[in-house]
Amino acid sequence: MASTLLLLVVFVFDLVAFALAVAAEQRRASARIAQDANSRYCVYESDIATGMGVGALLFLLVSQILVMLATRCMCCGRALSPGRSRALAVFLFITCWVTFIIAEACLLAGSVRNAYHTKYRAVLSANPPSCETLRKGVFGAGAAFVVFTGIVSELYYVFYSKSDEGVIPTRDTGIRMGAFN
């Protein structure tokens with residue numbers, strides 16, 4: 001039987017990760033070109049999106065660790081009983097890891113790129129400096145994959161629990177020995 005408490009905790013962690021990723025998308029760093037006496041330079045505004053992206057990354061990581069510890073990552077422990085639940089659990093296990101890696105990559109790349117600021121000045125006669133910022137949608141893609149990971153990991157846990165409840169039938173392949181009278 002799947003633990004309702006674990007499902008609730010994983011859901012809350014995934015929900016917080018999603019909210020942080022969406023907030024990071026809304027608060028991406030923006031830049032403007034400023035000018036002083038003889039040069040132009042980039043002035044970046046709020047950098048809070050980097051912290052939100054890292055927070056979303058960490059909440060999703062903790063959620064994934066909880067599910068994998070509860071299921072013993074499918075590689076430790078006793079074998080699962082054969083059937084539909086085991087087949088779905090294996091499929092969802094692989095899908096869960098794929099969506100998790102994509103979500104983490106989006107959140108990490110978005111956080112790193114958002115934290116990067118150009119630190120050079122351009123002379124007034126030259127071209128204006130390139131104030132590079134994070135493209136729209138990187139944290140949004142991470143948020144979408146956080147949702148996919150949350151759904152798939154919870155389904156994986158439920159189907160793993162169903163296939164773990166069954167008893168593996170044993171086959172009698174040996175020769176029976178009778179009592180010697």
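**Close-up views of a predicted helical packing**

**View 1. Residues at the contact of helices H2 and H4.** In this predicted model, Ala49, Gly53, Leu60, Gln64, Val67, Met68 and Ala70 of H2 meet Phe139, Val146, Thr149, Ser153, Tyr156 and Tyr157 of H4. Sorted by class, this contact of H2 with H4 holds 9 nonpolar and 4 polar residues, and no charged residues. Gly53 and Gln64 are among the residues that H2 brings to the contact, while Thr149 and Ser153 are among those from H4.

**View 2. Geometry of the H2 and H4 pair.** Two packed helices are described by the angle between their axes and by the distance between those axes. For H2 and H4 (residues 138-165), the angle is about 15 degrees and the axes lie 11 Å apart. Angles under 35 degrees count as roughly parallel, and H2 and H4 are therefore roughly parallel to each other. The crossing of H2 and H4 is left-handed.

**View 3. Packing of helices H3 and H4.** Helix H4 also packs with H3, at an angle of about 155 degrees and with the axes 7 Å apart. An angle over 145 degrees counts as roughly antiparallel, so H3 and H4 are roughly antiparallel to each other. The crossing of H3 and H4 is left-handed. By class, the contact of H3 with H4 comprises 21 nonpolar, 10 polar and 2 charged residues.

**View 4. Arg72 in the loop between H2 and H3.** Helix H2 (48-70) and helix H3 (84-115) are joined by a loop, and Arg72 lies in this loop. The phi angle of Arg72 is near 55 degrees, a positive value in a residue other than glycine. Arg72 has a relative accessible area of 32% and is therefore partly exposed, since partly exposed residues fall between the limits of 20% and 50%.

**View 5. The chain as a whole.** The close-up views belong to a chain with 4 helices and 3 strands. From the N terminus on, the elements follow the order α-β-β-α-α-β-α. The chain has 181 residues, of which 34% count as buried. Its accessible surface comes to about 10900 Å², and carbon and sulfur atoms account for 67% of that surface. Among contacts between residues at least 6 apart in sequence, 85% join residues at least 24 apart.

Note on methods
Residues numbered from 1 in each chain as written. Predicted model: local features only at pLDDT ≥ 70, side-chain atom pairs only at ≥ 80, totals over all residues. Heavy atoms only, no water. Helix = DSSP H or I, 4+ residues; strand = E, 2+ residues; numbered from the N terminus. Buried < 20%, exposed > 50% of the residue type's maximum accessible area, 1.4 Å probe, protein only. Contact = heavy atoms within 4.5 Å. Areas by Shrake-Rupley, 256 points an atom, 1.4 Å probe, with all protein chains shown as cover. Axes fitted to C-alpha atoms, helices over the stretch in contact; angles between N-to-C directions. Parallel < 35°, antiparallel > 145°, perpendicular 65-115°, else oblique. Left-handed = near helix turned anticlockwise from the far one by under 90°. Nonpolar A, V, L, I, M, F, W, Y, C, P; charged D, E, K, R; others polar.
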